[in-house]
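Here are my notes on this one, in the order I would walk through them with the model open on screen. Have a look at the structure, then read on.

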Amino acid sequence: MKTINDRTIWWNYSVNCIEMIDQTILPLKLDTIKCLTVDSLINAIKSLSIRGAPALGAAGGYGMALSAFRHKGTDIEELRNTLISDSLTIKSSRPTAINLSWGVDRVLNKILDKEAIDEIRRDALNEAEKIAEEDIAINKMIGKNGAALLEDGDTILTHCNAGRLACVGWGTALGVVRSAVEMGKDIKVIACETRPLNQGGRLTTWELMKDGIDVRLITDSTAGMVMRKNMVDKVIVGADRITVDGVFNKIGTYTHAVLAKENNIPFYVAAPLSTFDKNKREEDVTIEERDADELRMINEGYIAPKDVKVFNPAFDFTPIRYIKAIITERGVFNTCKRCI
Ligand code: MRU
C-alpha cells in the first residue's frame, strides 16, 4: 500500500478512491484527503490540493479510474457516456497544464472500446498506475540529465514548486537539484516565494528542508537583485505546457527569464515529454485566471480594498529565446523544435 511518504497521489485500494497529500495545508500540516467522487477530485484540483503539471497528469489518469469505479448500473454504453462526460469536466478544471488532459486521454483511450464494466475498471486503474510509476522514473531521468549541467557549489534559483509535490515523486526542476546532490555536488537553492499562493514559500522550502538541501527563501521581487549581485549561477524552473515557441509556467517565470538573460545567467526548463504540445503556439493556449480574492485576502483577512479590480493569471509565457535548454527524460535540448 502506498503511503504519504512514497508519493504525492495514489490509489487507495481499501476504499477504491484517490488519496493525495493536501498541499493547501502544507507546511503547517502534512495530511491527506480522499477523493471518493469525480466532483471531489475536481474540487481538489481547483483548490490546488493537488497541483503541478505531472501530478495533475496522474490525477487525470486516476480520475478516469474513479469515474469507472463510481459508476452505478450495468449498461456499458451508459458507462462510456459517463466516462466521456467526466473526462471533459476533469480536463477543463485547470486549462493550462497539458498533463491533465494528457493523463485523462491516455486512460480514456485504453478503455473506451472494452466490452465489460469490470474490464474497463481494471484497465483504467492499470493505466493510471502506469502513469504514476512512469512519472517517478521519468523524473529520475530528467534529474540525471540535468544534474550533469550543475557544477559543484552552484546556487540555483527556482520559481513556484517543481519538486516531488508537483509530481508523483522526485520532481523536475527540483529533481535535477536532488540528483546533483545525490551525486555528491554541493548545491544551494534560492526559492522565490511565488505570490499569490506561495508554492515556493510553502512547498519548495518544505520539501528541500525535509531532504536536508540548503534552501533560502526570497520574495519574488528580490530575484533581480540576487541575480545582479552574482548570487545565482543557474535558474531552473518546471513547465505547465511547452509549445513550439516557448514555455508556459507559473506567473513570474517570464520575469525571471528576462532578468536571467540580462544578467548572463543560464535559464533552464526541466519537464517531461508529456508537457509538450507540439502543434500549438502561444496564442493557442488558455491561461487560467484565478479568483480575485487570492490577491485581495490573506487568511480570511483583506490586504487590499475589498472591491479593487484584480488581474490574477496563474501562468505566463516565456519565449524560447530566453531558454538556454530544456531538460527532458530523453536528453537536454537547446530549442523546443529539437525535442518535439
Ligand atoms: O498553479 P500550480 O501550482 O499548479 O503551478 C505549478 C507550476 O507552475 C509548476 O512550475 C509546473 O506545473 C511544473 S511542476 C513540475
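Before the points, a word on labels: helices (H or I, at least four residues) and strands (E, at least two) are DSSP runs, numbered from the N terminus. Bear in mind too that this is a predicted model.

1. Cis prolines. With those labels, Pro27 can be placed in the loop between E2 and strand E3 (32-35). The peptide bond leading into Pro27 from Leu26 is cis, with omega near 5°. There is another cis bond between Arg195 and Pro196, where omega is about 5°. Pro196 sits in the loop between strand E5 (188-192) and helix H7 (199-210).

2. Positive phi. Thr194 is not a glycine, yet its phi is positive at about 70°. Thr194 is also in the loop between E5 and H7. Is Thr194 buried or exposed? With a relative accessible area of 0%, Thr194 is buried, the cut-off for that being under 20%. Asn299 is another non-glycine with a positive phi, of about 45°. Asn299 belongs to the loop between E11 and strand E12 (301-302). At 74% relative accessibility Asn299 counts as exposed, since exposed means over 50%.

3. The largest pocket. If you want an open site to look at, the largest pocket holds about 560 Å³ of space. Its lining has 20 residues, and those closest to its centre are Pro196, Leu197, Met297, Ile298 and Asn299. So Pro196, from the cis bond with Arg195, turns up here, and so does Asn299 with its positive phi. H10 and strand E11 (297-298) each supply at least two residues of this lining. By class, the lining of the largest pocket comes to 8 nonpolar, 5 polar and 7 charged residues. Domain 1 (9-139) and domain 2 (145-339) each provide at least three of the lining residues.

4. The largest cavity. How many cavities of 30 Å³ or more does a search of the whole structure find? The search finds 2. The largest cavity has a volume of about 190 Å³. There are 23 residues lining the largest cavity, and the closest to its centre are Arg51, Gly52, Ala53, Asn161 and Asp240. H2 and strand E9 (246-250) are the elements that give two or more residues to this lining. The lining of the largest cavity divides into 11 nonpolar, 8 polar and 4 charged residues. Domain 1 (9-139) and domain 2 (145-339) both contribute to the lining, so the largest cavity lies between them.

5. The second cavity. The second largest cavity holds about 60 Å³ of space. Thr194, Arg195, Pro196 and Leu197 are among the residues that line it, and so are Lys250, Arg290, Glu294 and Asn312. The lining of the second largest cavity splits into 5 nonpolar, 3 polar and 4 charged residues. Pro196 and Leu197 line this cavity and are also among the residues closest to the centre of the largest pocket.

6. Helix H2 and the core. Helix H2 (residues 53-70) has 18 residues, which at 1.5 Å a residue should span 26 Å; the end C-alpha atoms are 25 Å apart, which agrees. Of those 18 residues, 16 are buried, so H2 is largely enclosed by the rest of the structure. The largest nonpolar core has 40 residues, and Ile9, Ile18, Leu41 and Ile90 have the most contacts inside it. Elements giving two or more residues to this core include strand E1 (9-12), strand E2 (17-21), helix H1 (38-46), helix H3 (76-93) and H2. H2 gives the most to this core, with 10 residues. In soluble globular proteins, nonpolar side chains tend to be buried together.

7. Asp284. This residue is in the loop between strand E10 (267-270) and helix H10 (293-296). At 41% relative accessibility, Asp284 counts as partly exposed. Asp284 is 41 residues from Thr243 in sequence, while their C-alpha atoms are 9.2 Å apart in space.

Conventions:
Residues are numbered from 1 along each chain as its sequence is written. This is a predicted model: local features need pLDDT of at least 70, side-chain atom pairs count only at pLDDT 80 or more; totals for chains, interfaces and linings use all residues. Side-chain values use heavy atoms; hydrogens and water are left out. The expected span of a helix is 1.5 Å times one less than its number of residues. Buried means under 20% relative accessible area, exposed over 50%, partly exposed in between (1.4 Å probe, protein chains only). On a 1 Å grid over the protein atoms alone, a cavity is a set of points where a 1.4 Å probe fits but cannot get out, and a pocket is an open set with protein on both sides within 12 Å along at least five of seven lines; lining residues have an atom within 4 Å of a point. Grid points are joined across faces, edges and corners, and a volume is the space filled by probe spheres set on the points. Ala, Val, Leu, Ile, Met, Phe, Trp, Tyr, Cys and Pro count as nonpolar, Asp, Glu, Lys and Arg as charged, and the others, Gly among them, as polar. Domain bounds come from an automatic or database domain assignment. A nonpolar core is a set of buried Ala, Val, Leu, Ile, Met, Phe, Trp, Tyr and Cys residues joined through side-chain atoms within 4.5 Å.
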